[in-house]
Amino acid sequence: MKMMDPDQSFTPREERQLLQSVAALLEANLSQPDTNQCPSCTDLRNLARRRIRLTDADSLVDHIGVCPRCFKGYSEFRAQYKTRVRAQYTALALAAGVVIAVLLLPLMRPHVAQPNPPAPIIAKLPDRPQPAVAAVLDLTKLGVARSDSPAAGVRPQVGSLPCARVTLSVHLPVGSEDGRYEVALVRKSGESVVSSSGNAMLQNYVEVLSVEIDLSSVAPGNYGLAIRQLGSSWREYPIALVPKEVP
């Protein structure tokens, strides 16, 4: 469709003026002019399609107002033009709707749930470790003997511990100090079997070393329990390791 220049179109006010002029002239019951003076169909069509400015078509408008044949022709051209414009705007609106629908279609599609993958085969988890066994060793009445001292001699066992994970409270000999301590279970040959560490604090006038040590994988038998404060020498105390009692 050839688009019109906005400067060549009728305004709503000009449209009303044209219709009012035609209505006024027809009501005046003027005589029909000579058909030889009638404008061409092209002029009527251009006026109906708003390709002629009203200010440039005074004589044409005046003639349409007094000539029923030209007024009828103009009205038919005008109706055809309006129908054509409405059809074109409708087509454009439909095309725009189709474009919008195509753009929104991916967002409007229902979500299709994907099938759940087969459950993975999970290896059997190892058994949870048994709770630690509380144990107490009282060394307060023993003298301080170092493992590297020849005068240490053979000392009696200070007690026994179960073959289990043990939460051990060691009451250290008198004169021991607060701080970080290392604890090791050693064989008679001096080889360390298992070790751990903990803190010692004064509790009710007794220096108590709290440490957790796992003896569950150690075979029962006679061992030495070596203890030292960080930066000091080892002190070794004979101890027996016994099987854990089954409840």
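The following dialogue explains how to read several features of this predicted model.

Me: Where should a reader begin, and how many helices and strands does the chain have?

Reply: One begins with the inventory of elements. The chain of this predicted model has four helices and eight strands.

Me: In what pattern do these elements follow one another along the sequence?

Reply: The order is read from the start of the chain to its end. Here the pattern is α-α-α-α-β-β-β-β-β-β-β-β.

Me: What share of the residues counts as buried?

Reply: A residue is called buried when its relative accessible area is under 20%. The chain has 247 residues, and 28% of them count as buried. As for its surface, the chain exposes about 17,100 Å², of which carbon and sulfur atoms supply 56%.

Me: Which share of the contacts joins residues at least 24 apart in sequence?

Reply: The count takes contacts between residues at least 6 apart in sequence, and 69% of these join residues at least 24 apart.

Me: How should the packing of two helices be read, and at what angle do the axes of H2 and H4 cross?

Reply: One takes the axes, then the angle, then the residues that meet. Helix H2 covers residues 41-48 and helix H4 covers residues 68-108; their axes come within 8 Å and cross at roughly 45°. H2 and H4 are therefore oblique to each other. The crossing in which H2 passes H4 is right-handed.

Me: Which residues of H2 and H4 meet?

Reply: From H2 come Cys-41, Leu-44, Arg-45, Leu-47 and Ala-48, and they meet Cys-70, Tyr-74, Phe-77, Arg-78 and Tyr-81 of H4. Sorted by class, this contact has eight nonpolar residues, two charged residues and no polar ones.

Me: What is the angle at which helix H3 packs with H4?

Reply: Helix H3, residues 58-66, packs with H4 at about 110°, and the two axes are 5 Å apart. Angles from 65 to 115 degrees count as roughly perpendicular, so H3 is roughly perpendicular to H4. In this contact His-63, Ile-64 and Val-66 of H3 meet Pro-68, Cys-70, Phe-71 and Tyr-74 of H4. The classes here are six nonpolar, one polar and no charged residues.

Me: Which sign does the phi angle of Asn-204 have, and where is Asn-204 found?

Reply: For a backbone angle, one reads the sign together with the residue type. Phi of Asn-204 is near 50°, a positive value in a residue other than glycine. Asn-204 is found in the loop between strand E5 (192-203) and strand E6 (206-214).

Me: What is the phi value of Tyr-205?

Reply: Phi of Tyr-205 is near 70°, again positive in a residue other than glycine. Tyr-205 also lies in the loop between E5 and E6.

Me: Are Asn-204 and Tyr-205 buried or exposed?

Reply: The cut-off for exposed is over 50% relative accessible area. Asn-204 counts as exposed because its relative accessibility is 72%. Tyr-205, at 82%, counts as exposed as well.

Me: How should a single strand residue be read, and which residues does Val-242 touch?

Reply: One notes its element, its exposure and its neighbours. Val-242 belongs to strand E8, residues 235-242. With a relative accessible area of 32%, Val-242 is partly exposed. Leaving aside residues up to four places away in sequence, Val-242 touches Ser-160, Leu-161, Pro-162, Cys-163 and Pro-220.

Me: How far apart in space are Val-242 and Gly-221?

Reply: These two residues are 21 apart in sequence, and the C-alpha atoms of Val-242 and Gly-221 are 6.7 Å apart in space.

How values were computed: Residues are numbered from 1 along each chain as its sequence is written. This is a predicted model: local features need pLDDT of at least 70, side-chain atom pairs count only at pLDDT 80 or more; totals for chains, interfaces and linings use all residues. Side-chain values use heavy atoms; hydrogens and water are left out. Buried means under 20% relative accessible area, exposed over 50%, partly exposed in between (1.4 Å probe, protein chains only). Contact means heavy atoms within 4.5 Å. Accessible areas come from the Shrake-Rupley method with a 1.4 Å probe; for residues, only the protein chains shown count as cover. Axes are lines fitted to C-alpha atoms, for helices over the stretch in contact, and angles run from 0 to 180 degrees between N-to-C directions. Angles under 35 degrees count as roughly parallel, over 145 as roughly antiparallel, 65 to 115 as roughly perpendicular and the rest as oblique. A crossing is left-handed if the near helix is turned anticlockwise from the far one by less than a right angle, and right-handed if clockwise. Ala, Val, Leu, Ile, Met, Phe, Trp, Tyr, Cys and Pro count as nonpolar, Asp, Glu, Lys and Arg as charged, and the others, Gly among them, as polar.
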